[in-house]
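Ready for some practice in reading a protein model? Work through each exercise yourself before you look at the solution.

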Amino acid sequence: MEALGGGNGGGSSSAAERWRAEASRKFQHYLDRAAPHTAGRWAGTLLAAAVYALRVYYVQGFYVVSYGLGIYLLNLLIGFLSPMVDPEVEALDGAGPALPTRGNDEFKPFIRRLPEFKFWYAITKAFCVAFVMTFFSVFDVPVFWPILLCYWIVLFVLTMKRQILHMIKYKYVPFSMGKQKYGGKKGLGASSSKD
């Protein structure tokens, strides 16, 4: 009965599973250490994008892979720019928290549908996968690339127009430029100098 897989096969499967769990734990450790270093993470992603672009340029192919990558990045960007709870759906429901639409509404912070770290991780992973795909000729489909580029630009413009109109309609801005500064009262030193 042991020859059918009951004896030694379980040990190698267990060792492989332990190795996979250990590798996953180490990878998560490095991801956690990289989390606070936003500029460094994005610089690495820009480097990966540049390496991918150079690979596509020198190979003069894989335009369908690049088009698919562009569509995926556009989808990620929409998730990054969108609020967690869509105010349009919320207005129809009438239940739950909403983004303020009038001056007297309570302030509710903007919460993204796709947080910055997950946005970065997905983009980086997409560039790495696309780069690996350029080494397999099965993905090099012959296509007239200017048509794909024009179609992607039209898709990008229409999607961004719709997203910006949505932001204007529901009065939200998905970006913050740090802590807001207030011009409160002057210090005691300023009033005593006039005396």
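**Warm-up**

E116 has a relative accessible area of 24%, which makes this residue partly exposed. On this scale, buried means under 20% relative accessible area, exposed means over 50%, and partly exposed lies in between, with a 1.4 Å probe and protein chains only. The model you see is predicted, so local features need pLDDT of at least 70 and side-chain atom pairs count only at pLDDT 80 or more, while totals for chains, interfaces and linings use all residues. Residues are numbered from 1 along each chain as its sequence is written, and side-chain values use heavy atoms, leaving out hydrogens and water.

**Exercise 1. How many helices and strands does the chain have?**

*Step 1.* Count the elements: there are 7 helices and 0 strands. Both are DSSP runs, numbered from the N terminus: helices are H or I with at least four residues, strands are E with at least two.

*Step 2.* Now read along the sequence, and you get the pattern α-α-α-α-α-α-α.

*Step 3.* Finally, look at burial: 23% of the 195 residues count as buried.

**Exercise 2. Find the partner of R41 in a salt bridge, and say where the two residues sit.**

*Step 1.* Recall the general idea: side chains of opposite charge can pair when their charged atoms come close. The cut-off for a salt bridge is a side-chain nitrogen of Lys or Arg within 4 Å of a carboxyl oxygen of Asp or Glu.

*Step 2.* The partner of R41 is E116, and their closest N and O atoms are 3.0 Å apart.

*Step 3.* This pair links distant parts of the chain, with R41 in helix α2, E116 in helix α5, and 75 residues separating them.

*Step 4.* Compare the surroundings: R41 is buried at 6% relative accessible area, whereas E116 is partly exposed at 24%.

**Exercise 3. The structure holds 3 salt bridges. Describe the one between E17 and R20 and the one between E22 and R25.**

*Step 1.* For E17 and R20, the N to O distance is 3.1 Å. Why about one helical turn between them? Because they are 3 residues apart in helix α1, which covers residues 9-34.

*Step 2.* Check their exposure. E17 is partly exposed at 43%, and R20 also counts as partly exposed, at 46%.

*Step 3.* For E22 and R25, the closest N and O atoms are 2.6 Å apart. These two residues, 3 apart in helix α1, are likewise separated by about one helical turn. E22 counts as partly exposed, with 34% relative accessibility.

**Exercise 4. What is the volume of the largest pocket, and which helix gives the most to its lining?**

*Step 1.* The volume is about 590 Å³. Among the 21 residues that line this pocket, Y52, S66, Y67, G70 and L149 are the closest to its centre.

*Step 2.* What counts as a pocket here? On a 1 Å grid over the protein atoms alone, it is an open set of points where a 1.4 Å probe fits, with protein on both sides within 12 Å along at least five of seven lines; lining residues have an atom within 4 Å of a point.

*Step 3.* Sort the lining by helix. At least two residues each come from α2 (38-59), α3 (63-81), α5 (116-133) and α6 (145-170), and α3 gives the most, with 8 residues.

*Step 4.* Sort the lining by chemistry: 18 residues are nonpolar, 3 are polar and none is charged. Here Ala, Val, Leu, Ile, Met, Phe, Trp, Tyr, Cys and Pro count as nonpolar, Asp, Glu, Lys and Arg as charged, and the others, Gly among them, as polar.

**Exercise 5. Is F62 buried or exposed, and what is notable about its phi?**

*Step 1.* Locate F62: this residue is in the loop between α2 and α3.

*Step 2.* F62 counts as buried, with 4% relative accessibility.

*Step 3.* The phi of F62 is near 60°, a positive value in a residue other than glycine. Q60 lies in that loop between α2 and α3 as well, and although not a glycine, Q60 has a positive phi of about 55°.

*Step 4.* Now look across to P142, which is 80 residues from F62 in sequence but 8.0 Å away in space, C-alpha to C-alpha. P142 lies in the loop between α5 and α6 and is exposed, with a relative accessible area of 77%.

**Exercise 6. How far apart are A53 and F131, in sequence and in space?**

*Step 1.* Place A53 in helix α2, where this residue is partly exposed at 44%.

*Step 2.* A53 and F131 are 78 residues apart in sequence and 8.9 Å apart in space, C-alpha to C-alpha.

Methods: Points joined across faces, edges and corners; volume = space filled by probe spheres on them.
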